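Let's take a walk through this structure together, one region at a time. Have the sequence and the 3D view open as you read.

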Amino acid sequence: MKNYFRGSYCGLAMVLTMTIILSSCITDESSLDQPLDPNTTLERATDYPETFSLENLRMDSETNKMLAGLRAATAKYHRIEVAMEDGYEQGSGCVATPAGGMGYHYVNFAAVDGEYDPTMPEALLYEMDKNGQMKLVGVEFVIVADAWDAENEMIPYFGMQEFDEAFPPAPLPFRNYQLHVWVWKHNPNGIFTMFNPNVTCE
């Protein structure tokens, strides 16, 4: 590479140009969890979404691959009746806080155990639109912590993302590892952040 660029001012100019372009896109205000286009949305079931460009550039390839697998596995659940046929049922009313919302949890209670499959979330997160239709916005993994710990030495991870640990009595009556993944609606605070300010109960 050194020999190539030594005799090529054109190549050097191209590298400098790309460096300036990238520097202008990635500002001090950019975070590891913030995509390049803050208006990107993943909420339409009929359009397979583009990935979050800047977020994915900064995320490791294994995590990106797992996110793609999770999207592919849950795309069918944009039709809530398919989710219910697969064993998901409403587990909560609409959840929202000043920090943002989670929406309605539809839970496959039979799957809430000590096992972890990164393509099979225990809960699906829905938001009701203005027409009263449920829109899939994200998923949540829930693992019974005592059962997991009996077989594993480390807390579970989704790629490089560590799960959160939650303790009883709220929101569940047992210690659990959980992770929210906003694969179908952009979360400006990060794809793995618990609450999404773009999700409301209004």
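On the side of helix α4 that faces away from its buried residues, you will find the exposed residues S61, K65 and A72. Bear in mind as you look that this is a predicted model. The helix itself covers residues 61-74, which makes 14 residues. From first C-alpha to last, α4 reaches 20 Å, close to the 20 Å expected at 1.5 Å a residue. Now turn to the other side: T63, N64, M66, L67, L70, R71 and T74 are the buried residues of α4. Looking down the helix axis, these buried residues fall within an arc of 160°, so they line one face of α4. At the N-terminal end of α4, D60 acts as a cap. A side-chain oxygen of D60 lies 3.3 Å from the backbone nitrogen of E62.

Next, find strand β3, residues 100-107, and pick out M102 within it. Is M102 buried or exposed? Its relative accessible area is 7%, so M102 counts as buried, the cut-off being under 20%. Leaving aside residues up to four places away in sequence, M102 touches V95, L125, Y126, H180, W182, M194, F195 and V199. One of these contacts, H180, is 78 residues from M102 in sequence, yet the two C-alpha atoms are 8.8 Å apart in space.

F195 also turns up in the surroundings of another buried residue. N187 sits in the segment after β9, and with a relative accessible area of 1%, N187 is buried. The side chain of N187 reaches the backbone oxygen of F195 at 3.0 Å. A polar atom of that N187 side chain also lies 2.9 Å from the backbone nitrogen of N189.

Now for the aromatic rings. A pair of aromatic rings is described by the distance of the centres and the angle of the planes. The structure has 8 aromatic pairs. One of them joins Y116 and F141, with 5.6 Å from centre to centre and 85° between the planes, an edge-to-face arrangement. Y116 lies in the loop between β3 and β4, while F141 belongs to strand β5, so this pair ties together parts that are 25 residues apart in sequence. Y116 and F141 are both buried. Y116 has a further partner in F163: the ring centres are 5.1 Å apart and the planes are at 75°, so this pair is edge-to-face. Since F163 is in the loop between β7 and β8, the pair ties together parts that are 47 residues apart in sequence. F163 is buried, as is Y116. Step back and you can see these rings in one aromatic cluster, formed by Y116, F141, W148, F158, F163 and F192.

Finally, look for the cysteines. How many disulfides does a search of the whole structure find? There is 1 disulfide, and it joins C94 to C201 with an S to S distance of 2.0 Å. This disulfide links distant parts of the chain, 107 residues apart: C94 is in the loop between β1 and β2, and C201 is in the segment after β9. The torsion about the S-S bond of C94 and C201 is about -90°, so the disulfide is left-handed. As for accessibility, C94 counts as partly exposed at 26% relative accessibility, and C201 is partly exposed too, with a relative accessible area of 35%.

Conventions:
Residues numbered from 1 in each chain as written. Predicted model: local features only at pLDDT ≥ 70, side-chain atom pairs only at ≥ 80, totals over all residues. Heavy atoms only, no water. Disulfide = S-S within 2.5 Å. Helix = DSSP H or I, 4+ residues; strand = E, 2+ residues; numbered from the N terminus. Buried < 20%, exposed > 50% of the residue type's maximum accessible area, 1.4 Å probe, protein only. Expected span 1.5 Å × (residues − 1). Arc of directions from axis to C-beta. Polar contact = N/O pair within 3.5 Å; in protein donor to acceptor, adjacent residues only side chain to side chain. Contact = heavy atoms within 4.5 Å. Phe/Tyr/Trp six-rings, centres within 6.5 Å; stacked < 30°, edge-to-face > 60°.
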